[in-house]
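Hi there,

Here is the structure I promised to pass along. Have a look at it first, and my notes follow just below.

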Amino acid sequence: MASLDLSAAFDVVNVDLLMKRLKIIGLPGDVLSLIDIWLRNRLFYVEIDGQVSKFYDINYGTIQGSILGPILYAIFVSPLFDITDLSNFADDNYALTCSKFKESAITLMESKITTITNWLSGSGLKVNEEKTELCLFYRKECPPIEISINNKLIRSYGTMNVLGVTFDSRLNWSAHISNQINKANKALHAIKLIKKYFSSNEILTLITANFYSILYYNSEVWHLPTLKPELKQHLLSASANALKLAQRHTDPMESFINLHKNLNRATPDGILMFKHAVLLHKLFNNQTPTMEWADLHFKQTFNSRQTSFRVVRSSNFKIGNNILTNRLSILNNKIQLNDLNLSLNTFKCKYKQIFLTQSPAH
């Protein structure tokens, strides 16, 4: 996978070319006129150390920071998707190739990136080769590789950050979890500094908003079988250490599980169960790709007396337990089959109480 960095992507979009592409996709004339007026006849100036330049005309760009900016940029680059496969989110672009042989994968990637960079260049955009990242995913450790882009060599690294998620070359997710724990602990340190100004309940609210939102980011990977047991323990320890801030008097002998129960906060395992329950509901109701939906119904067991969900794990694929339907086996006998016919919101409310609520009072 290659992460392609574009230099000032939103700011250099050619408005004339954008308007042509908007017309091609069929936007009405009055909408085109409104967008055209909005993008043109803008001015800019430069200020350095209190010195201000004169105003200059600017008729480029989709106005970064605006609501329409990312949408118009996506439409601007959409013809590229007819030429080659490319995953993107706003101006973050990711090219992927796959092969049984490393040399073949490298050749395919060089060819794909050449196609992409040439097209982007022809549309007035520029790939910043110096910031382009490369990662080779393989189940074994292997030395770095290099590919050539416009006569510049790009060397691969062992990890790649994709929208805040750290992918490592062997997909064991240890780098991502370690990063999230470190980031969450930095937020926790800031809360410690202001702890004396807040009540226990207010501290708990601060922890929920500023600590757990970081710790639980992309927590679906916690269940993957390649995850080291010590990392799961680190997650529980980090979660419990945060909750200790909300207690005026802590018992050093209190277990981490009881600490979560007493403060009515879900453990990492509880979060994991709930997220997989939501995945199951979406998969069961065919809101995810058809292949996984068919695989689920093939592996799911049914009999005349069965009232709860159950799926049989299989090892038909090399990725084994990483396959979604195998991961859902942690929900065996924990989800009522009739509940899968509930609306998603009703289903979420019910299983939040089951998996997330720790307090006996609830």
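The crossing of H5 and H6 is right-handed. Please keep in mind that this is a predicted model, so everything below is computed from it. H5 covers residues 174-193 and H6 covers residues 200-215, and the two pack at an angle of about 160° with their axes 8 Å apart. Since angles over 145 degrees count as roughly antiparallel, H5 is roughly antiparallel to H6.

If you would like to see the contact on your screen, select Gln180, Ile181, Lys183, Ala184, Asn185, Ala187, Leu188 and Ile191 on the H5 side. From H6, the partners are Ile203, Leu206, Ile207, Asn210, Phe211, Ile214 and Leu215. Sorted by class, this contact has 11 nonpolar, 3 polar and 1 charged residues.

Now to the charged pairs. Side chains of opposite charge can pair when their charged atoms come close. How many salt bridges does the structure hold? The count is 7, and three of them are described here.

Arginine 40 pairs with aspartate 16, with 2.5 Å between the closest N and O atoms. This salt bridge links distant parts of the chain, 24 residues apart: aspartate 16 sits in helix H1 (residues 15-24), while arginine 40 is in the loop between helix H2 (29-39) and strand E2 (42-44). Arginine 40 is partly exposed, at 22% relative accessible area, and aspartate 16 is also partly exposed, at 46%. There is a further member to look for here, as Asp16, Asp36 and Arg40 are linked in a network of salt bridges.

The next pair is glutamate 141 with arginine 170, where the closest N and O atoms are 3.5 Å apart. Glutamate 141 lies in the loop between strand E8 (133-134) and strand E9 (146-149), and arginine 170 in the loop between strand E12 (165-168) and H5, so the salt bridge ties together parts that are 29 residues apart in sequence. Glutamate 141 is exposed, with a relative accessible area of 62%, whereas arginine 170 is partly exposed at 39%.

Finally, lysine 299 forms a salt bridge with aspartate 295, and their closest N and O atoms are 3.1 Å apart. Both residues belong to helix H10 (residues 290-299) and are 4 residues apart, about one turn of the helix. Are lysine 299 and aspartate 295 buried or exposed? Both are buried.

Happy browsing, and best wishes!

How values were computed. Residues are numbered from 1 along each chain as its sequence is written. This is a predicted model: local features need pLDDT of at least 70, side-chain atom pairs count only at pLDDT 80 or more; totals for chains, interfaces and linings use all residues. Side-chain values use heavy atoms; hydrogens and water are left out. Axes are lines fitted to C-alpha atoms, for helices over the stretch in contact, and angles run from 0 to 180 degrees between N-to-C directions. Angles under 35 degrees count as roughly parallel, over 145 as roughly antiparallel, 65 to 115 as roughly perpendicular and the rest as oblique. A crossing is left-handed if the near helix is turned anticlockwise from the far one by less than a right angle, and right-handed if clockwise. Contact means heavy atoms within 4.5 Å. Ala, Val, Leu, Ile, Met, Phe, Trp, Tyr, Cys and Pro count as nonpolar, Asp, Glu, Lys and Arg as charged, and the others, Gly among them, as polar. A salt bridge is a side-chain nitrogen of Lys or Arg within 4 Å of a carboxyl oxygen of Asp or Glu. Buried means under 20% relative accessible area, exposed over 50%, partly exposed in between (1.4 Å probe, protein chains only).
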